[in-house]
Amino acid sequence: IPCIDKYGSCHYDLCMALKHIFEGECDQWFTEHNLPCHCPMGPQVINAPASSLHLPAVGGIPSWLADGDFQVQLKFTDQDGDPVGCLWVQLSIYESK
């Protein structure tokens, strides 16, 4: 997916995104699975079990991203463009009723 209106294959500031999403407090799912939700994050290998995670409402998400099954690969780089990490996630997103 190309970068369209800041969604898709774009450059993101992960730390700012996490700060905005969690507003200083990790979701219970992250703490139950001993997963970080704030920066800085040290080196680690993370394997999380299949489960449901309820995220706060985020306005302005395009409809094509608000519902469906996705495979997401994230590549993290430092300010010089050197690789520092990666993440692969398979997920389904749907609006709770």
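Trainee: In which pattern do the helices and strands follow one another along the sequence?

Mentor: Helices (H or I, at least four residues) and strands (E, at least two) are DSSP runs, numbered from the N terminus. Here the chain reads α-α-α-β-β along the sequence, with 3 helices and 2 strands. This is a predicted model, in which local features need pLDDT of at least 70, side-chain atom pairs count only at pLDDT 80 or more, and totals for chains, interfaces and linings use all residues. Residues are numbered from 1 along each chain as its sequence is written, and side-chain values use heavy atoms, with hydrogens and water left out.

Trainee: How many aromatic pairs does the structure hold?

Mentor: A pair of aromatic rings is described by the distance of the centres and the angle of the planes. Rings of Phe, Tyr and Trp (its six-membered ring) pair if their centres lie within 6.5 Å; planes under 30 degrees apart count as stacked, over 60 as edge-to-face and the rest as tilted. The structure holds 2 such pairs. The ring centres of Phe22 and Phe30 are 5.0 Å apart and the planes stand at 75°, so this pair is edge-to-face. For Trp29 and Phe30, the centres are 5.3 Å apart and the planes at 85°, so that pair is edge-to-face. Phe22, Trp29 and Phe30 form one aromatic cluster.

Trainee: Is Trp29 buried or exposed?

Mentor: Buried means under 20% relative accessible area, exposed over 50%, and partly exposed in between (1.4 Å probe, protein chains only). Trp29 has 16% relative accessibility and therefore counts as buried. Phe30 is buried at 14%, and Phe22 is buried too. Of the 97 residues in the chain, buried residues make up 9%.
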